[in-house]
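Let's take a walk through a protein together, starting with the whole chain and then stopping at a few residues along the way. Have the sequence and the 3D view ready.

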Amino acid sequence: MHQPSRRRRPPREVERPSATIRYEPVAEPEPWCSFCSWDLILILLVMLGAGCFILLHLYLYPNLEKVAPLPNIDPENAPYTWGTYRPHMYFGLRTRSPMSPLFGMMWYEQPNTIQRPHIRHWCNQDDRLPGYYWYEADGRHFGKQNISEAHKGVIQTDWINDANGFAARVKLNMAPGRRYNVILYLSAQEIGTRFRLGKHLSDVFHGYNELLGKFTMSLRLKDNTKLQTSHSVMLTDEKIPIDRYHDFVVDNTQAYNAPNQPLNYILNEKHNDEEGKFIAVQLNLGSQAEFDIILHSFRTEKLKGMKPEEFTNILRIRSYNFNKKYENVFQLAGKNYTKTQLKMAKVSLSNMLGSVGYWYGHNRVLFNGIVQPYGPHVLFSAVPSRPFFPRGFLWDEGFHQMLIRKMDSKMTLEAIASWMNAMDTSGWIPREMIVGSEAEAKVPAEFIPQKNDVANPPTLFYVMDKLVNDEKTVGRYAGILKLLYPRLEKWFHWIRITQSGPTRTTYRWRGRNETIKTELNPKTLSSGLDDFPRASHPSDLEYHLDLRCWLALASRVLNRLAKSYGTDADYQRTAKAMEELNNFDSLVKDHWSEEAQGFFDYGKHSFDVALSPVPTPGSPRQFEYQRVTSRAPSYTLVSDAFGYNNLFPMMLKLIPSKSPILKSMLDKIRDPKILWTNYGLRSISRSSPYYMARNTEHDPPYWRGYIWINVNYMVLSSLRHYADQPGPYRENAENIFSELRANLVKNLATQFQKTGFLWENYDDRTGEGRGCHPFTGWSSLILLIMSDNLDT
């Protein structure tokens, strides 16, 4: 909320007769196989051995197989159209094709003495930038971004595309007296791409690519922008690791100190190749500068390249259309929000759209004890955080698309189809899509392999629930929905079968560690709620409330899809599953505690657990912190941990609106001793022994008190639902809805104004932002909260 090479056996050494020993022939009876030569027998034995090896390998270590890919939803434009599909970068562009060249920008402040500069390239929290965000972006055609430097300077990056390339404008508005060096580069991703240097800035690069054909890149300085020294260039045919581009540039930079001039760093041009696969140009600039970048390809003769003077006009038109659609969709103008709140709202959407990414490559999957490549995949997805989580997360993506679909439902369907294409033939989808070298570079090696028995919350059903109930979407994209239906059903059945519990109506997240002793409560990463407390001692007999509720929602969506796109048998089958999983009496029987007045997990649980030092002879400290219990665990409902997990029956609208159980849930939500704060709903009750408890000596609390916006959004959506339903608790639901919404909007805007960021989560005691930032993921749902666009 992050292949091993197989060693060949050495050739067998064949024993040879000694040259000093004479062998006398001995008459022997004719062997039964005299009709065969020994060479033939040897060949047959080798073939038999190889066949046995292959059969044993396939039996013991079968490979993961992908399902056949769904048809490309946008086959004509996507491969050729440039966009900000490298979300881990401050400013990077590519097309949605594995053959696309990569464009990127780096910069650093020119030092006055010789020292290694700190270069900005990939988004990094350690850069400690005061802020950077897309404040207008549609994820397809344009974007406008501000990047704030530590001394209150600002770099503005605007871009647009057309059918034949892209254009960008970079403005530096820095503190007087400071100097900056900006590096622009192109890198090849396939061997057919070649770059050459041009003669001047108006033709600084040109090259050829199998996808784009011939192309050129040119730079145009604004009239009052002057270079501190002549531009410098670099061209190499070396294979540079993609996460080492900035190091390679710095390593190939040299100091240039002309008489009576300040020190300047320039690219070392002495070893440039005639053509290559990495090319860069550096501009040495002052505190105020502006320049345009134009990349133009010639893949068809009919298309014209974008002229530099067209940039301003096209950008203005696209900005106008974006803002017009934004207001039509969210209608914030008449809601009396402050300027800060309105700015935060638009940044929420723009940052998410401007951070949608494209990846191509293989996952690594731990399958039958061996890490295997699984793919190749093409992933088109939003990301939770540009600096920290710039890759696809399955459970996050459903929340991302709840917002994106409002502006671009086609993009949402493209993303869902992309995730469905990552499915294997059994119905499993990786919970993280760490695809390709750029994605892997941001993840510690031990966390890269995925496990093909581990699920994740099927939040794509959450957004599909909205899509299939939207008449405009159904009318426009019925063909796509029909293609998605069998994939979604396969995924549903995979979860229901592989994550089944001890009885027919119970379900258990796989992946908890039953043997670990150093965790207070072994994590359930597969649930998405990570360290939210479950049964203290994991076992095969436990079962989990949230998973049961997710499947209930999924069954409703599948039934709706089957009615529209399936057969009568499909409809009857999904109706039966829906009836079973949405049976409220069954849910109460399995998960309700009358004594604690709540729904809970069930498992082997102790109500007296702590982390305590335990002697461990031979370790450096002679002890380690381990889980210890004062009371032996027993099989029971986990009623000492009330929080987000326990709200799922209400959040997914399984509780009848007239049930007294609804009142109990509403009372717990509004109780400051349990979940209520002035900043939003905390993730676990203050009265729980797990509230703000570390899970290990070195593992701070995560989902044990802090405020998370995605779950607050789900609560608000359900409150809106119950406030609109007939029943005795509708007024109470309405009041809580209004208070909770106001608290969330006020606090997120306060923190946005204070820090310049949306955050991963928020402190339940102070409201301060916590975790990674900027968080372009589900915290952006604050826009839907502000607009009352909750789609109950």
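Helices and strands here are DSSP runs, with at least four residues for a helix and at least two for a strand, and both are numbered from the N terminus. Counted this way, the protein has 17 helices and 29 strands. Its radius of gyration is 30 Å, close to the 28 Å that the globule rule gives for 792 residues, so the protein is as compact as a globular protein of that length. Please keep in mind that you are looking at a predicted model.

Now step back and look at the whole shape. Taken along the principal axes, a box of roughly 105 × 80 × 65 Å holds the C-alpha atoms of the protein. How much of the protein is buried? Of the 792 residues, 56% are buried. The surface that the protein exposes comes to about 35400 Å², and carbon and sulfur atoms supply 52% of that area. As for charge, the protein has 95 positive and 83 negative charges, and their mean positions are 4 Å apart.

Next, let's visit strand β14, which covers residues 264–267. Asn 264 lies in this strand. Is Asn 264 buried or exposed? A residue counts as buried under 20% relative accessible area. Asn 264 has a relative accessible area of 4%, so Asn 264 is buried. Its side chain has polar partners: one polar contact, at 3.2 Å, is with the side chain of Arg 179, and another, at 3.5 Å, is with the side chain of Asn 284. Leaving out residues up to four places away in sequence, Asn 264 also touches others, among them Gln 110, Gln 228 and Tyr 256.

Leu 267 belongs to strand β14 as well. With a relative accessible area of 0%, Leu 267 is buried. If you set aside residues up to four places away in sequence, the residues that Leu 267 touches include Val 233, Met 234, Val 249 and Val 281. Try finding Phe 205 too: Leu 267 and Phe 205 are 62 residues apart in sequence, and their C-alpha atoms are 15 Å apart in space.

Move on to strand β3, residues 102–109, where you will find Leu 102. Leu 102 counts as buried because its relative accessibility is 0%. Beyond its neighbours within four places in sequence, Leu 102 is in contact with several residues, including Leu 93, Tyr 185, Leu 186, Ile 242 and Glu 438. For a long view across the model, look from Leu 102 to Pro 649: they are 547 residues apart along the chain, and 46 Å separates their C-alpha atoms.

Finally, here are some backbone details. Most residues other than glycine have a negative phi, and most peptide bonds are trans. Where does this protein have a cis peptide bond? One is the bond from Gly 375 to Pro 376, with omega near 5°, and Pro 376 is in strand β18, residues 370–381. Another cis peptide bond joins His 773 and Pro 774, with omega about -10°; Pro 774 sits in the loop between β29 and α17.

Gln 331 is not a glycine, yet it has a positive phi of about 50°. You will find Gln 331 in the loop between α3 and α4. Asp 788 is not a glycine either and has a positive phi of about 60°. Asp 788 is in the segment after α17, and at 36% relative accessibility, Asp 788 counts as partly exposed.

Notes
Residues are numbered from 1 along each chain as its sequence is written. This is a predicted model: local features need pLDDT of at least 70, side-chain atom pairs count only at pLDDT 80 or more; totals for chains, interfaces and linings use all residues. Side-chain values use heavy atoms; hydrogens and water are left out. Buried means under 20% relative accessible area, exposed over 50%, partly exposed in between (1.4 Å probe, protein chains only). A polar contact is a pair of N or O atoms within 3.5 Å; within protein, one must be able to donate a hydrogen and the other to accept it, and residues adjacent in sequence count only if both atoms are side-chain atoms. Contact means heavy atoms within 4.5 Å. The radius of gyration is taken over C-alpha atoms; the globule rule is 2.2 Å times the number of residues to the power 0.38. Accessible areas come from the Shrake-Rupley method with a 1.4 Å probe; for residues, only the protein chains shown count as cover. Lys and Arg count as positive and Asp and Glu as negative; His and the chain ends are not counted. The place of a charge is taken as NZ of Lys, CZ of Arg, CG of Asp or CD of Glu.
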